[in-house]
Amino acid sequence: MPTGRPRRRRWPWIVAALAVVVVAVGALIFQPWLLFVDTEVDDEIPVAVTTSPSAAPAGPVVIAAGTFIGHEHDTTGRVTVIERPDGARLLAIENLETTTGPDVNVWLSAAPVIPGVRGWRSAAGADHVDLGDIKGNRGDQVYPIPPGVDLARYRAVVLWCVRFSVSFGAAELEPPESPVDPVRGR
């Protein structure tokens, strides 16, 4: 018959310690608290106009525009590419509403904008120009476009979560509608 102190079981303590480690690592990777944090940005967007091909622009001109569709997260807002008289181009995001996430960047992408779940990862393997970290998940933001970027090739704006390789939302860039000529009616 065994005598002495009863043996204490260690496995519950080991399982509890492992559970704490798994929860801590998961929290660091997924950062779930970001779902409850909003960062509002209010960059000044240059006032730009669309011009007819015959008119010489006197100020900033909209050369492309689009509207966000949501992918992994609900995303809304409008994007415009503005060209200043000096030739510098800016990407303006207006009225952005999306979820805050870890490591989200603004990309100009060669991938097509595909709605629904199929579009979540469509930009993953496509050529892109990274304009940098997203400034916030709400509001108006402006990003300089590097000189020499071919906008005929990069026809999409993607809010790309680098950590999880997924699009939060995307917008297809299209030439703006020409203003109506009051004399000709078109």
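**Close-up views of a predicted model**

**Figure 1. Strand S9 is mostly covered.** In this predicted model, six of the six residues of S9 are buried. The burial applies to both faces of the strand. On one side lie Ala-156, Val-158 and Trp-160, and on the other lie Val-157, Leu-159 and Cys-161; each of these residues is buried. In a regular strand, side chains alternate between the two faces of the sheet. S9 spans residues 156-161.

**Figure 2. Strand S9 pairs with S10 and with S6.** S9 and S10 (residues 166-172) are antiparallel and are joined by six bridges. Glu-172 in S10 is the bridge partner of Ala-156. The hairpin of S9 and S10 has four residues between the strands, and within this hairpin Ser-165 takes a positive phi near 50°. S6 and S9 are also antiparallel, again with six bridges. Here Ala-156 in S9 is the bridge partner of Ser-109. Ala-156 therefore appears in two bridges, one with Glu-172 and one with Ser-109, and Ala-156 is itself buried.**Figure 3. The sheet that holds S9 is open and has five strands.** The strand order is S3-S10-S9-S6-S7, and the pairing is antiparallel. Strand S3 (69-70) is one edge strand, and strand S7 (128-133) is the other. Each of these edge strands pairs on one side only.

**Figure 4. Trp-107 and Trp-160 form the one aromatic pair of the structure.** The ring centres of Trp-107 and Trp-160 are 5.0 Å apart and the ring planes lie at 20°, so the pair counts as stacked. The cut-off for stacked rings is planes under 30 degrees apart. Trp-107 belongs to strand S6 (residues 104-109) and Trp-160 to strand S9. With their positions 53 residues apart in the numbering, the pair links distant parts of the chain. Both Trp-107 and Trp-160 are buried.

**Figure 5. A second open sheet has mixed pairing.** Its five strands come in the order S1-S8-S5-S4-S2. The edge strands are S1 (40-42) and S2 (61-67), and each pairs on one side only. From one strand to the next, the twist averages 25°.

**Figure 6. Strand S4 pairs with S5 and with S2.** S4 (residues 76-83) and S5 (residues 89-97) run antiparallel and are joined by seven bridges. Thr-76 stands opposite Glu-97 in S5. The pairing of S2 with S4 is also antiparallel, over six bridges. In that pairing, Gly-66 stands opposite Val-79 in S4. S2 is mostly covered, with five of its seven residues buried.

**Figure 7. The second largest pocket is lined in part by S2 and S4.** The pocket holds about 200 Å³ of space. Twelve residues line the pocket, and the closest to its centre are Ala-65, Gly-66, Arg-78, Glu-174 and Pro-175. S2 and S4 are the elements that give two or more residues to the lining. S2 gives the most, with four residues. Gly-66, one of the residues closest to the pocket centre, is also the residue that stands opposite Val-79 in the pairing of S2 and S4.

**Figure 8. One cavity of 30 Å³ or more is found in the whole structure.** Rolling a probe the size of a water molecule over the atoms shows where empty space is left. The largest cavity has a volume of about 40 Å³. Its lining includes His-71, Ala-111, Pro-112, Val-113 and Gly-119. Ser-122, Ala-123, Val-158, Ser-167 and Ala-170 also line the largest cavity. Of these, Val-158 is a buried residue of S9.

**Figure 9. The charged end of Lys-135 sits over the ring of Tyr-143.** The distance from the charged end of Lys-135 to the centre of the Tyr-143 ring is 5.0 Å.

**Figure 10. The protein chain as a whole, for orientation.** The chain has one helix and ten strands. Read from the N terminus, the elements run α-β-β-β-β-β-β-β-β-β-β. The chain has 186 residues, of which 37% count as buried.

Conventions: Residues are numbered from 1 along each chain as its sequence is written. This is a predicted model: local features need pLDDT of at least 70, side-chain atom pairs count only at pLDDT 80 or more; totals for chains, interfaces and linings use all residues. Side-chain values use heavy atoms; hydrogens and water are left out. Two strands pair if DSSP finds at least two bridges between them. Axes are lines fitted to C-alpha atoms, for helices over the stretch in contact, and angles run from 0 to 180 degrees between N-to-C directions. Rings of Phe, Tyr and Trp (its six-membered ring) pair if their centres lie within 6.5 Å; planes under 30 degrees apart count as stacked, over 60 as edge-to-face and the rest as tilted. Buried means under 20% relative accessible area, exposed over 50%, partly exposed in between (1.4 Å probe, protein chains only). A charge sits over a ring if NZ of Lys or CZ of Arg is within 6 Å of the ring centre and within 35 degrees of the ring normal. On a 1 Å grid over the protein atoms alone, a cavity is a set of points where a 1.4 Å probe fits but cannot get out, and a pocket is an open set with protein on both sides within 12 Å along at least five of seven lines; lining residues have an atom within 4 Å of a point. Grid points are joined across faces, edges and corners, and a volume is the space filled by probe spheres set on the points.
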